[in-house]
Amino acid sequence: MTIWTPELPEGGPRYRRIAEAIAKAIELGELIPGDKLPPQRRLADRLGVTIGTITRAYATAHHQGWVDSRVGSGTYVRQAIGEAPTSFRAGQPIDQGMIDMGMSLPPPHPLRAKGLQNALESITASPQSLQAATEYQPEAGDEIQRTRIAAWQSSLGLPDDPSRMVITQGGQHGIQLALQVLCQPGDLVAGDALTYPGFISAAQQAHLRPLAVPMDAYGMDVDALARLCARQPPRVLYTTPDLNNPTGTQLDEARRERLADLAREHDIWLIEDAVQYLPEAERGTPLVALAPERTLHIFSTSKVLAGGLRIGSLTVPAHLLERLGTAIRTQSWMVAPLMVETACRWMENPESQELLHWQIDELAARRTLALERLSDYGPMSREGSSIVWLPLPAGRRSSELQTLLARRGVKVSTPEPFCMGSEPAPQALRLCLGPPENRASLEKALSLTNEALSEAPSSPWQTL
């Protein structure tokens with residue numbers, strides 16, 4: 001039997017000394033991110049104190065940013081010291097020499113910078129475009145620009161009705177807008193048990209109540225959703241039906257139709273996030289086609305052109321357009337016309353299609369490489385995806401592997417930031433194949449991952 005038992009420093013209230021011992025154990029590596037602290041009663045018995053003392057100690061450690069408590073699950077060491085486990089940030093500096101497989105980004109290519117350069121140069125050569133960029137535009141975006149974005153989306157096999165489209169500052173802004181117009185504080189919002197951290201964060205900021213829908217090997221368990229709806233249907237269901245982030249699962253046609261039926265039966269709004277781009281042949285029927293009267297469809301340029309553009313679209317039922325316009329006007333009045341025009345000109349340049357075709361082929365090659373190199377560990381990744389979901393062997397912890405890989409110069413993601421509910425995260429890693437500079441860099445990262453997996457696991461626990 002093993003249990004972490006602290007040696008308490010002298011002086012001061014016991015609850016505070018226990019909290020200080022937790023902090024010290026984390027600093028020394030005796031407790032690592034993701035470790036579960038002992039149940040309060042067991043630790044109270046071990047230290048000869050009351051449960052109330054342990055409760056206060058854990059609350060103090062939580063307040064100081066060392067641990068997080070999950071209702072019905074327990075208390076865990078935070079994934080990153082001082083950060084909530086749902087924190088997941090793009091654009092963070094990467095140490096020199098570190099190979100990034102932690103963020104879902106498109107693979108580097110000179111055509112990205114060139115595409116931006118060409119778009120900006122063509123704008124500067126057009127006095128009319130420069131003048132328009134200095135002026136206020138309608139909240140939903142200029143009609144001509146919406147038509148141009150819709151034409152680009154049509155070429156990708158995506159929703160293309162400019163009359164129902166709002167231009168956004170990227171996919172995350174689309175999520176925030178959707179929740180703002182659909183929900184009131186305290187509303188129940190559902191999503192996959194493992195889902196995009198940006199949705200979790202947006203729901204928290206809006207003071208909404210999360211409801212985790214169980215998943216299986218084929219994505220969201222729609223039968224489980226039906227049982228949850230029978231008790232209390234959510235106001236909104238957020239889903240990424242073509243490519244769950246982080247697991248890469250995809251809803252089949254039967255589940256999509258069942259989901260649309262449930263939404264109608266229980267008056268649920270659907271937020272369909274399609275930002276994780278897949279080639280059209282690898283996608284299913286969009287929910288916005290199955291239930292257009294209650295689906296808000298999100299897309300952006302982030303995974304196709306460049307994340308820094310911060311240009312996206314939100315396609316919605318027509319009667320929501322006025323409310324969305326009010327929300328945008330309240331936040332920022334409009335999306336910057338210069339950035340919208342830049343994105344439009346980039347989309348319309350034939351080199352953007354050249355870049356996309358190269359990206360599809362490059363990610364296919366990288367995916368093949370990853371599945372081959374990690375074949376001993378059962379990696380999962382669907383065709384066209386840049387994400388690999390890697391379940392860990394028995395006895396291995398995702399936080400431990402993340403630490404080992406970081407020491408070797410490889411950045412990966414653990415499941416904790418993707419957890420919608422309070423259930424313990426599975427022991428797995430999400431590997432993103434896009435960010436490495438080239439295939440040689442990716443191959444090095446995969447080799448280092450194999451090395452880390454082949455090592456014997458370490459344990460922070462004291463044996464009694």
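Here a trainee and a mentor talk through a predicted model, one question at a time.

Trainee: Let's start with the sheet. Which strands are the edge strands of the open sheet?

Mentor: Seven strands make up this open sheet, with mixed pairing and the order 4-12-11-10-9-5-6. On average, neighbouring strands are turned by 20 degrees against each other, direction ignored. An edge strand pairs on one side only, and that describes strand 4 (165-168) and strand 6 (209-213).

Trainee: In what sense does strand 12 pair with strand 11 and with strand 4?

Mentor: Strand 11 and strand 12 (residues 312-315) are joined over four bridges. Glycine 312 is the bridge partner of serine 300, and leucine 314 is the bridge partner of isoleucine 298. Strand 4 also meets strand 12 over four bridges, with threonine 168 opposite glycine 312. The sense is antiparallel for strand 11 with strand 12, and for strand 4 with strand 12 it is antiparallel.

Trainee: Are the residues of strand 12 that point either way, Gly312, Ser313, Leu314 and Thr315, buried or exposed?

Mentor: In a regular strand the side chains alternate between the two faces of the sheet. Strand 12 has Gly312 and Leu314 pointing one way, while Ser313 and Thr315 point the other way. On both sides the answer is the one word: buried.

Trainee: Now the interior. Which helix gives the most to the largest nonpolar core?

Mentor: In soluble globular proteins, nonpolar side chains tend to be buried together. The largest nonpolar core here has 28 residues. At least two residues each come from helix 7 (171-182), helix 8 (197-205), strand 9 (236-239), strand 10 (269-273), strand 11 (295-300) and helix 12 (321-331). With six residues, the biggest contributor is helix 7.

Trainee: Which residues have the most contacts inside that core?

Mentor: Take leucine 179 and set aside its neighbours within four places in sequence: its contacts include Val189, Phe199, Ala202 and Ile271. Val236 and Leu208 are also among the residues it contacts. The residues with the most contacts inside the core are Leu179 and Leu182.

Trainee: How many residues does the other core have?

Mentor: This core lies apart from the one around leucine 179. Among its residues are Leu111, Ile149, Trp152 and Val340. Its residue count is 25.

Trainee: How far apart are the end C-alpha atoms of helix 1?

Mentor: Helix 1 covers residues 14-28, which makes 15 residues. At 1.5 Å a residue, the helix should span 21 Å, and the model agrees with that expectation. The end C-alpha atoms are apart by 21 Å.

Trainee: Which residue follows helix 1?

Mentor: Within the helix, the buried residues include Tyr15, Ile18, Ile22 and Ile26. Just after helix 1 comes a residue with a positive phi, near 85 degrees, and that residue is glycine 29.

Trainee: Is glutamine 276 buried or exposed?

Mentor: Glutamine 276 sits in the loop between strand 10 and helix 11 (287-290). Leaving out residues up to four places away in sequence, it touches Ser104, Leu243, Asn245, Lys303 and Ile387. Its relative accessible area is 15%, and since the cut-off for this class is under 20%, glutamine 276 is buried.

Trainee: On to charges. Which residue forms a salt bridge with glutamate 383?

Mentor: Glutamate 383 lies in the loop between helix 14 (350-373) and strand 13 (387-391), and its partner lies in helix 14, so the pair ties together parts that are 16 residues apart in sequence. Glutamate 383 is partly exposed at 46% relative accessibility, whereas the partner is buried at 11%. The closest N and O atoms are 3.6 Å apart, and the partner is arginine 367.

Trainee: In the salt bridge of arginine 294 and glutamate 293, which residue is partly exposed?

Mentor: These two side chains meet with an N to O distance of 3.2 Å. Arginine 294 counts as buried, with 12% relative accessibility. The partly exposed residue, with a relative accessible area of 34%, is glutamate 293.

Trainee: How many salt bridges does the count come to?

Mentor: One of the pairs is arginine 396 with glutamate 400, at 3.1 Å between the closest N and O atoms, and both residues are buried. Elsewhere, salt bridges link Arg148, Glu341, Arg345 and Glu348 in a network. For salt bridges, the count comes to 20.

Definitions and conventions
Residues are numbered from 1 along each chain as its sequence is written. This is a predicted model: local features need pLDDT of at least 70, side-chain atom pairs count only at pLDDT 80 or more; totals for chains, interfaces and linings use all residues. Side-chain values use heavy atoms; hydrogens and water are left out. A nonpolar core is a set of buried Ala, Val, Leu, Ile, Met, Phe, Trp, Tyr and Cys residues joined through side-chain atoms within 4.5 Å. Buried means under 20% relative accessible area, exposed over 50%, partly exposed in between (1.4 Å probe, protein chains only). Contact means heavy atoms within 4.5 Å. The expected span of a helix is 1.5 Å times one less than its number of residues. A salt bridge is a side-chain nitrogen of Lys or Arg within 4 Å of a carboxyl oxygen of Asp or Glu. Two strands pair if DSSP finds at least two bridges between them. Axes are lines fitted to C-alpha atoms, for helices over the stretch in contact, and angles run from 0 to 180 degrees between N-to-C directions.
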